[in-house]
Amino acid sequence: MKTPRLPIAIQQAVMRSLREHLARANQHLDRDYPEPKLVYQQRGTAAGTAWLERYEIRLNPTLLQENVQAFTDEVVPHELAHLLVWKHFGRVAPHGKEWKWMMESVLGIPARRTHQFALDSLVRSTFPYRCGCQRHQLTVRRHNRVLRGETQYRCVHCGETLKPEPATD
């Protein structure tokens with residue numbers, strides 16, 4: 001899948017959000033943390049990721065174009081908070097108390113771990129899995145990791161291990 005070319009106005013909105021939230025954090029923390037690198041190459045269904053050692057934020061260009069306001073209001077500060085927590089506290093739980101504090105007390109944003117964006121435009125193969133409360137769609141990569149026995153996934157709502165749904169013919 002080819003990465004869509006982002007209009008300059010969207011890139012400017014993302015940069016403005018990053019700089020505003022970073023300035024707020026630096027003022028609140030009495031620090032001068034540098035501006036992280038922004039990369040528009042996040043793939044899959046993740047809206048964004050924070051690469052700690054690279055001090056880099058990766059954003060999903062397809063989801064960004066479809067959800068500009070939500071990205072500038074939530075996704076950019078969410079990923080920035082990961083980088084700031086790493087700089088301020090070192091390596092801690094990704095969505096632990098330090099991250100929650102950074103999101104809510106420092107950046108003034110509700111600390112939500114996952115997005116609710118429509119994923120229809122992300123053409124991909126998925127595999128149905130079930131837990132005690134709902135049906136899940138795992139990506140090819142996650143499905144293959146389960147098949148190889150490398151990992152198990154749990155539902156964030158009920159905590160049960162996800163099990164592949166039987167194939168229906």
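Me: I would like to learn to read this model by its features, so where is the place of D30?

Reply: This is a predicted model, and in it D30 sits in the loop between α1 and β1. A good way to begin with any residue is to look at its backbone angles and then at its surroundings. Most residues other than glycine have a negative phi. D30, although it is not a glycine, has a positive phi of about 55°.

Me: Is D30 buried or exposed?

Reply: D30 is exposed, since its relative accessible area is 67%, and exposed here means over 50%.

Me: Which other residue has a positive phi although it is not a glycine?

Reply: One of them is Y55, with a positive phi of about 50°, and its place is in the loop between β2 and β3. These two strands form a hairpin with four residues between the strands. Unlike the exposed D30, Y55 is buried, with a relative accessible area of 9%. A positive phi also turns up just after α4, where G108 takes a value of about 70°.

Me: Which strands are joined to β3 by bridges, and how do they run?

Reply: Strand β1, residues 37-39, is joined to β3 by three bridges, and these two run parallel. Strand β2, residues 48-51, is joined to β3 by four bridges, and that pair runs antiparallel. To follow the pairing residue by residue, you can start from V39, whose bridge partner in β3 is R58, and then go to G48, which stands opposite L59 in β3.

Me: Which residues of β3 are buried on each side?

Reply: The general idea is that in a regular strand the side chains alternate between the two faces of the sheet. In β3 both faces are covered, with E56 and R58 buried on one side and I57 and L59 buried on the other.

Me: How should I read a helix such as α4, and which of its residues are buried?

Reply: An α-helix has 3.6 residues a turn, so residues three or four places apart point the same way. In α4 the buried residues are E98, W99, M102, M103 and V106. They lie on the same side of α4 because they cover an arc of only 135° around the axis. As for what they meet there, the buried residues of α4 pack against α1 and α3.

Me: Which residues touch the most other members of the largest nonpolar core?

Reply: That core has 33 residues, and L59, F71 and L84 touch the most other members. Five elements each supply at least two residues of this core, namely α1 (8-29), β3 (56-59), α2 (61-66), α3 (68-89) and α4 (97-106). Of the contributors, α3 gives the most, with nine residues. A second, separate core of six residues includes Y129, C131, L138 and L162.

Me: What is L84 in contact with, leaving aside its neighbours within four places in sequence?

Reply: L84 is in contact with L22, A25, Y33, Y55 and M102. You have met two of these already, since Y55 is the buried loop residue with a relative accessible area of 9% and M102 is one of the buried residues of α4.

Me: Y33 is new to me, so which side chain has a polar atom 2.8 Å from its backbone nitrogen?

Reply: That side chain belongs to N26, which has a polar atom 2.8 Å from the backbone nitrogen of Y33. N26 lies in helix α1 and is buried, with a relative accessible area of 11%. Not counting residues up to four places away in sequence, N26 touches R31, D32 and Y33.

Me: How many disulfides does a search of the whole structure find?

Reply: The search finds zero disulfides. The way to read this is to look at the gap between two sulfur atoms, for which the cut-off is 2.5 Å. For C131 the nearest cysteine sulfur, that of C133, is 3.6 Å away. The sulfur of C155 is 3.7 Å from its closest cysteine sulfur, also in C133, which is too far for a bond. C131 counts as buried at 10% relative accessibility, and C155 is buried with a relative accessible area of 5%.

How values were computed. Residues numbered from 1 in each chain as written. Predicted model: local features only at pLDDT ≥ 70, side-chain atom pairs only at ≥ 80, totals over all residues. Heavy atoms only, no water. Core = buried A, V, L, I, M, F, W, Y, C linked by side-chain atoms within 4.5 Å. Buried < 20%, exposed > 50% of the residue type's maximum accessible area, 1.4 Å probe, protein only. Contact = heavy atoms within 4.5 Å. Arc of directions from axis to C-beta. Polar contact = N/O pair within 3.5 Å; in protein donor to acceptor, adjacent residues only side chain to side chain. Pairing = 2+ DSSP bridges.
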